[in-house]
Amino acid sequence: MTAEAKKHTEQFLQRAMDKHQSQLKREISSKARELEKAQKRLADLDKLLQKAFEQLALENLSETQFKALTGNYETERQELTQRFGKLEQEIRSGKDTMLNADRFMVIVDRYTDIQKLTSEIVREFVEKIVVHERSELWKKKNYTQQVNVYFNFAGKV
């Protein structure tokens with residue numbers, strides 16, 4: 001992979017980033033939609049809490065009913081606020097990841113001619129490895145097993 005990246009830098013970067021960025025864009029847009037829904041629901045909860053308080057003040061609602069209503073609203077509001085913050089962070093992180101091609105090329109330049117694969121090199125290049133279940137039953141000697149390697153800055157290759 002590093003030899004290809006070194007020899008055909010522009011094409012490699014373009015291919016790797018196109019694939020990775022399209023996946024990231026889908027994830028970011030999905031999270032942005034979820035963030036929008038959370039924001040709308042938070043605004044709705046604020047209105048509902050205000051209405052419940054008004055009903056309590058006008059004595060149209062008992063103290064017990066008010067506590068039951070507002071307790072559920074408050075719990076949902078806290079959960080949404082936490083989720084809202086997490087989504088904002090994930091969106092920022094996704095946008096930062098989209099800018100990682102240059103960082104990847106710095107690593108490629110450092111390791112242009114790898115003679116021996118060390119754990120340090122693997123940590124620099126590999127984000128994660130996902131090993132799927134075997135394709136056949138345990139009784140067979142020969143089987144296939146899918147392994148996905150996710151590279152830092154380039155995604156699943």
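This note sets out numbered points on a predicted model of one protein.

1. Overall architecture. The protein contains five helices and three strands. Read from the N terminus, the order of elements is α-α-α-α-α-β-β-β. The helices thus precede the strands along the chain. Among contacts between residues at least 6 apart in sequence, 57% join residues at least 24 apart.

2. Confidence. The average pLDDT of the protein is 79, and 73% of the residues reach a score of at least 70. Helix α3, covering residues 63-97, has the highest confidence, at 86. Strand β3, residues 155-156, has the lowest, with a mean of 58. Where pLDDT is low, the predicted coordinates should not be read in detail. A reader should keep the mean of 58 for strand β3 in view.

3. Burial and surface. Of the 157 residues in the protein, 27% are buried. The accessible surface amounts to about 11700 Å², and carbon and sulfur atoms account for 51% of this surface.

4. The largest nonpolar core. Which residues make up the largest nonpolar core? There are 11 in all: Ile28, Leu35, Ala38, Leu42, Leu45, Leu49, Tyr73, Leu80, Phe84, Leu87 and Ile91. Helices α2 (9-57) and α3 are the elements that give two or more residues to this core. The most, six residues, come from α2. In soluble globular proteins, nonpolar side chains tend to be buried together.

5. Phe84 within the core. Phe84 is one of the residues of the largest nonpolar core. When residues up to four places away in sequence are not counted, Phe84 touches Leu35, Ala38, Gln39 and Leu42. Among these partners, Leu35, Ala38 and Leu42 also belong to the core.

6. Gly94 in helix α3. Is Gly94, a residue of helix α3, buried or exposed? Gly94 has a relative accessible area of 8%, and it therefore counts as buried, the limit being under 20%. Outside its neighbours within four places in sequence, Gly94 is in contact with Leu24 and Ile28. The C-alpha atoms of Gly94 and Ile28 lie 6.6 Å apart in space, although the two residues are 66 apart in sequence. Ile28 is also a member of the largest nonpolar core.

7. The end of helix α2. Gln55 belongs to helix α2, which spans residues 9-57. Its relative accessibility is 32%, so Gln55 counts as partly exposed. Leaving out residues up to four places away in sequence, Gln55 touches Asn60 and Leu61. Gln55 and Phe66 are 11 residues apart along the chain, and their C-alpha atoms are separated by 8.5 Å.

8. Glu59 in the loop. Glu59 is located in the loop between α2 and α3. What is the phi of Glu59? Its phi is positive, at about 65°, although Glu59 is not a glycine. Most residues other than glycine have a negative phi, and most peptide bonds are trans. Glu59 has 70% relative accessibility and therefore counts as exposed. A check of the backbone at Glu59 could start from this phi of about 65°.

9. Aromatic rings. The count of aromatic pairs comes to one. Separately, Lys128 lies over the face of Tyr150, at a distance of 4.7 Å from the ring centre.

Conventions
Residues are numbered from 1 along each chain as its sequence is written. This is a predicted model: local features need pLDDT of at least 70, side-chain atom pairs count only at pLDDT 80 or more; totals for chains, interfaces and linings use all residues. Side-chain values use heavy atoms; hydrogens and water are left out. Helices (H or I, at least four residues) and strands (E, at least two) are DSSP runs, numbered from the N terminus. Buried means under 20% relative accessible area, exposed over 50%, partly exposed in between (1.4 Å probe, protein chains only). Contact means heavy atoms within 4.5 Å. Accessible areas come from the Shrake-Rupley method with a 1.4 Å probe; for residues, only the protein chains shown count as cover. pLDDT is the predictor's confidence in each residue, from 0 to 100. A nonpolar core is a set of buried Ala, Val, Leu, Ile, Met, Phe, Trp, Tyr and Cys residues joined through side-chain atoms within 4.5 Å. Rings of Phe, Tyr and Trp (its six-membered ring) pair if their centres lie within 6.5 Å; planes under 30 degrees apart count as stacked, over 60 as edge-to-face and the rest as tilted. A charge sits over a ring if NZ of Lys or CZ of Arg is within 6 Å of the ring centre and within 35 degrees of the ring normal.
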